[in-house]
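Please open the model in your viewer and keep the selection panel at hand; the tour below moves from one selection to the next.

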Amino acid sequence: MKDKDDYYFAPASRTSKVTNRIRRLSRQIFGRRRRLLLITIVLIIFTISFLVGGSGGNFGIARLFGWHSSKFVIILAVNQGGGVMQWKGPKEWAVERQSIANKRAYADRHGYHLAVQDMSIKKRYAHEWRESWEKVDVIKSTMKQYPKAEWFWWLDLHTFIMEPEISLERQVFNKLANNTYRSLADYNPMNIPVEIPFVDNTHDINIIVPQDCGGFNLGSFFIRRSEWTDYVLDAWWDPVYYEQRHMQWEHKEQDALEHMYSNQAWIRSGVAFIPQRLINSFPDGACSEQAGDDRIFYNQNDRDFVVNMAGCEWGRDCFGEMENFAKLSKSLQKQSKWLLF
């Protein structure tokens, strides 16, 4: 009669040895396959993310996993309910859809917020319709809507982000001091006084605005949340300016900011300028009196970041321009991806 221990310590048979080897080998093979499969999945995810997001540094992983940065908010004001003086036609609706889709894709790609603010007809103010002055009011309400955001990027409806793979950090904010300037000595289309007393040029930058052939341009500009900004927005929206000057200032809130910058040192201290083509290139039809000026107009070879079809509703074809730039942007992105391969 065999003792129980003989079963536990009996030498393994030749068959059991072969079986054990097969089991170990299969575990090794399947373990390697699992590791290989995991590595392959990770590589596929990052490859798709890179192709979706491009080479701008903040690739499409944010869009894939829903990560969002609270630092930047893109403000796009649209009149979704129709025009103020007339109803929009099919081309106007198409331009609006194209513009919104362009900004939404860009915000999703980089993890920014997009605030599409409705500018439908509203009798919100005691005076007559202040649509052209409503930027300030929209900015104030958007800051309340996104209390953790730091920078707000205003974009007019007739703008198009041409290089969506480039992040705002890369384009502007990583080298903010190098990308902006404080003095108007070199470029001053409105002949604003270059120097006024008591300006603090060491003050934090709170507004970043480009200049075009007609002066300040608020079709694409940045404004930062701060106590200084709160005071500026209150002064900027003051009904005194509107009541006294709304018939004299052709560009409304733009002229009001130029007036404050020209005469009040504390406002000048927080404003910086940025070369126009960094965030606000013009098509050939705008600023026709300065045609050919390489500081103003979109340059395909330089791959300018944003184009602003400023004034296209006054005698130009907004729909045609938007379509052309959308097709050009798509073509340029395809070229970039082929170059990467």
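**Stop one: the cysteines**

Select Cys-287, which at 11% relative accessibility counts as buried, where buried means under 20% relative accessible area, exposed over 50% and partly exposed in between (1.4 Å probe, protein chains only). This is a predicted model, in which local features need pLDDT of at least 70 and side-chain atom pairs count only at pLDDT 80 or more, while totals for chains, interfaces and linings use all residues. Residues are numbered from 1 along each chain as its sequence is written, and side-chain values use heavy atoms, with hydrogens and water left out.

Add Cys-213, which is buried as well at 15% relative accessibility; the two form a disulfide with their sulfur atoms 1.8 Å apart, a disulfide being a pair of cysteine sulfur atoms within 2.5 Å. The pair links distant parts of the chain, 74 residues apart, with Cys-213 in the loop between β5 (207-212) and β6 (215-216) and Cys-287 in the loop between α12 (276-279) and β9 (306-308). The torsion about their S-S bond is about -85 degrees, so this disulfide is left-handed.

The structure holds 2 disulfides, so move on to Cys-312 and Cys-318, which are joined with an S to S distance of 2.0 Å and are both buried. Here the S-S torsion is about 100 degrees, so the disulfide is right-handed.

**Stop two: helix α5**

Finally, select residues 134-145, helix α5; helices (H or I, at least four residues) and strands (E, at least two) are DSSP runs, numbered from the N terminus. Its buried residues include Val-136, Ile-139 and Met-143.

Terms used:
The expected span of a helix is 1.5 Å times one less than its number of residues.
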